[in-house]
Amino acid sequence: MGNKNMIAVICGAIMAIATFLPWIEASSSAQVMGQSASFSTGGISGISLGHGIFGVLLGIAGIVLAWIGFKFALIVGAIGLIDAIALMLGWGSSGASFSGSGYSGSSSVDPLWGLFLFAIASLAYLIFTVKQLKSA
């Protein structure tokens, strides 16, 4: 039996669970000749976007690797953190606005709390598995 790092196992589980929470919201609004309309998708889970499938796989791999005490388990946390930051930066910078004579509009894509939880769990996983690298 390996060296069970229970805190890292819990972080891996949180990574997997976070993919089912809201990761993104897209919204738009427009105004034409005094009439306005807006639309919001509400929170879309990571698993619905496809990115969450990768997140679940990372979380499961993290659980297994932390459980068996794999020396380089921290790679899972690093990949998860890089993925989350890339998604936040990519989605956070998405959006547009336009205006003209009698009309205007805007759209945005915003990361939500489920993605932030995934990033925090990935960072915690990374931190708690560094000791495995040092002890092995």
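In this predicted model, helix α3 has 18 residues and reaches 26 Å from its first C-alpha to its last, close to the 26 Å expected at 1.5 Å a residue. Helices α1 and α4 can be set beside α3 in a table.

| Helix | Number of residues | Span between end C-alpha atoms | Expected span at 1.5 Å a residue |
|---|---|---|---|
| α1 | 13 residues | 18 Å | 18 Å |
| α3 | 18 residues | 26 Å | 26 Å |
| α4 | 19 residues | 27 Å | 27 Å |

**Buried and surface faces of the helices**

The buried residues of α3 are Gly52, Gly55, Val56, Leu58, Gly59, Gly62, Leu65 and Ala66. An α-helix has 3.6 residues a turn, so residues three or four places apart point the same way. After α3 comes Gly69, whose phi is positive, near 75 degrees.

Helix α3 also contributes to the surface. A nonpolar patch there is formed by Met6, Phe54, Ile60, Val64, Trp67, Ile68, Phe70, Phe72, Ile75, Ile79 and Leu133, which together have about 950 Å² of accessible area. Two or more residues of the patch come from each of α3 (51-68) and α4 (74-92), and α3 provides the largest share, five residues. In soluble globular proteins, nonpolar side chains tend to be buried together. One member of the patch, Leu133, is placed in helix α5 (residues 113-135). Leu133 has a relative accessible area of 32% and is therefore partly exposed, as this value lies between the limits of 20% and 50%.

In α4, the buried residues are Leu74, Val76, Gly77, Gly80, Leu81, Asp83, Ala84, Leu87, Met88 and Trp91. In α1, burial applies to Ala8, Val9, Cys11, Gly12, Met15, Ala16 and Ala18.

**The nonpolar core**

The largest nonpolar core has 25 residues, of which Met15, Leu115, Phe118 and Tyr125 touch the most other members. At least two residues of this core are supplied by each of α1 (6-18), β1 (22-32), α3, α4 and α5. Leaving aside residues up to four places away in sequence, Tyr125 touches Ala8, Cys11, Gly12, Met15, Gly62, Leu65, Ala66, Ala73, Val76 and Gly77. Among these partners, Ala8, Cys11, Gly12 and Met15 are buried residues of α1, Gly62, Leu65 and Ala66 are buried residues of α3, and Val76 and Gly77 are buried in α4.

**Strands and the loop after β1**

Ser27 lies in strand β1 and is partly exposed, with a relative accessible area of 25%. With residues up to four places away in sequence not counted, the contacts of Ser27 are Phe39, Ser40, Ser106, Ser107 and Ser108. Ser27 and Val76 are 49 residues apart in sequence, and their C-alpha atoms are 32 Å apart in space.

Ser104 belongs to strand β5 (residues 103-111). Its relative accessible area is 26%, and Ser104 is thus classed as partly exposed. Ser104 and Gln31 are separated by 73 residues in sequence, but by 5.3 Å in space from C-alpha to C-alpha. Gln31 is also one of the residues that Ser104 touches; the others are Ser29, Ala30, Phe98 and Ser99, with residues up to four places away in sequence not counted.

Met33 is placed in the loop between β1 and β2 (35-40). At 74% relative accessibility, Met33 counts as exposed. The phi of Met33 is near 50 degrees, a positive value in a residue other than glycine. Most residues other than glycine have a negative phi.

Technical notes. Residues numbered from 1 in each chain as written. Predicted model: local features only at pLDDT ≥ 70, side-chain atom pairs only at ≥ 80, totals over all residues. Heavy atoms only, no water. Patch = residues over 30% accessible without salt bridge, like charges linked within 9 Å, V, L, I, M, F, W, Y side chains within 5 Å. Areas by Shrake-Rupley, 256 points an atom, 1.4 Å probe, with all protein chains shown as cover. Salt bridge = Lys/Arg side-chain N within 4 Å of Asp/Glu carboxyl O. Helix = DSSP H or I, 4+ residues; strand = E, 2+ residues; numbered from the N terminus. Buried < 20%, exposed > 50% of the residue type's maximum accessible area, 1.4 Å probe, protein only. Expected span 1.5 Å × (residues − 1). Core = buried A, V, L, I, M, F, W, Y, C linked by side-chain atoms within 4.5 Å. Contact = heavy atoms within 4.5 Å.
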